Amino acid sequence: MLLAVDLNDKRPLHEQAADAIRRAIAEGEVAPGDRLPPARDLAAALQINANTVLRALRQLRDEGLLEFRRGRGVSVLRRPDPRVALREKLDRLLEEAERHGYGRDAVIAWIEEGT
């Protein structure tokens, strides 16, 4: 499982780690029922702290993608629905735009300009 975080990215490392793991699951690198490597190994692969990886894993567990089982590690429950993740990001974008005084129509216009 190839994972990476970008130290220049402004997002917190645990969010980047969660995105990397989520992407690996979505792309089939790990399938439902598969066990993930231990957090220590994931942390080494990502070159970040194991506690940061654990925070990412807990986030994915809370999303219903992973299952923690004592003595058995962390297993993949299901593949993520990309529409759900994109919708959450869109909601955050719209909230951020609104905080800066831009409405939904302005964001839609920016998107249309980019195509």
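## Overall layout

Helices, here, are DSSP runs of H or I with at least four residues, and they are numbered from the N terminus. Helix H1 is the place of glutamine 16, a residue taken up again below. The model is predicted.

The protein chain holds five helices and two strands. Read from the N terminus on, the order of these elements is α-α-α-β-β-α-α. Both strands therefore stand between the third and fourth helices in that order.

## Dimensions and surface

Along the principal axes, the C-alpha atoms of the protein chain fill a box of roughly 50 × 25 × 25 Å. The protein chain has 115 residues, and buried ones make up 28% of them. Its exposed area is about 8100 Å², of which carbon and sulfur atoms supply 48%.

Contacts can also be sorted by distance along the sequence. Among those between residues at least 6 apart in sequence, 51% join residues at least 24 apart. As for charge, the protein chain carries 20 positive and 20 negative charges, and the mean positions of the two sets are 8 Å apart.

## The annotated domain

The unreviewed UniProt entry places the feature "domain: HTH gntR-type" at residues 11–79. In the model, this span is 51% helix and 12% strand. The C-alpha atoms at the ends of residues 11–79 lie 23 Å apart.

## The nonpolar core

Which residues touch the most other members of the largest nonpolar core? They are Leu3, Ile21, Leu36, Leu46, Val53, Leu57 and Leu66, in a core of 23 residues. At least two residues of this core come from each of helix H1 (13–26), helix H2 (39–46), helix H3 (50–62) and strand E2 (73–76). H1 supplies the largest share, with six residues.

## Glutamine 16, in helix H1

Is glutamine 16 buried or exposed? Glutamine 16 has a relative accessible area of 4%, and because buried means under 20%, glutamine 16 counts as buried. Leaving aside residues up to four places away in sequence, glutamine 16 touches Val5, Asp6, Asp9 and Arg11.

Tryptophan 110 stands 94 residues from glutamine 16 along the chain. The C-alpha atoms of these two residues are separated by 25 Å.

## The loop between H2 and H3

Glutamine 47 lies in the loop between H2 and H3, and so does asparagine 49. Glutamine 47 is not a glycine, yet has a positive phi of about 60°. With a relative accessible area of 72%, glutamine 47 is exposed, because the cut-off for that class is over 50%.

Why does asparagine 49 count as partly exposed? Its relative accessibility is 44%, and partly exposed covers the values between under 20% and over 50%, so asparagine 49 falls in that class. Asparagine 49 and alanine 39 are ten residues apart along the chain, and their C-alpha atoms are separated by 9.3 Å.

## Lysine 10, before H1

Where does lysine 10 lie? Lysine 10 is in the segment before H1. The relative accessible area of lysine 10 is 84%, so this residue is exposed. Between the C-alpha atoms of lysine 10 and proline 82, which are 72 residues apart along the chain, the separation is 22 Å.

Note on methods
Residues numbered from 1 in each chain as written. Predicted model: local features only at pLDDT ≥ 70, side-chain atom pairs only at ≥ 80, totals over all residues. Heavy atoms only, no water. UniProt positions renumbered as here; feature names shortened; annotations may be inferred. Buried < 20%, exposed > 50% of the residue type's maximum accessible area, 1.4 Å probe, protein only. Contact = heavy atoms within 4.5 Å. Areas by Shrake-Rupley, 256 points an atom, 1.4 Å probe, with all protein chains shown as cover. Lys, Arg positive; Asp, Glu negative; His and termini not counted. Charge placed at Lys NZ, Arg CZ, Asp CG, Glu CD. Core = buried A, V, L, I, M, F, W, Y, C linked by side-chain atoms within 4.5 Å.
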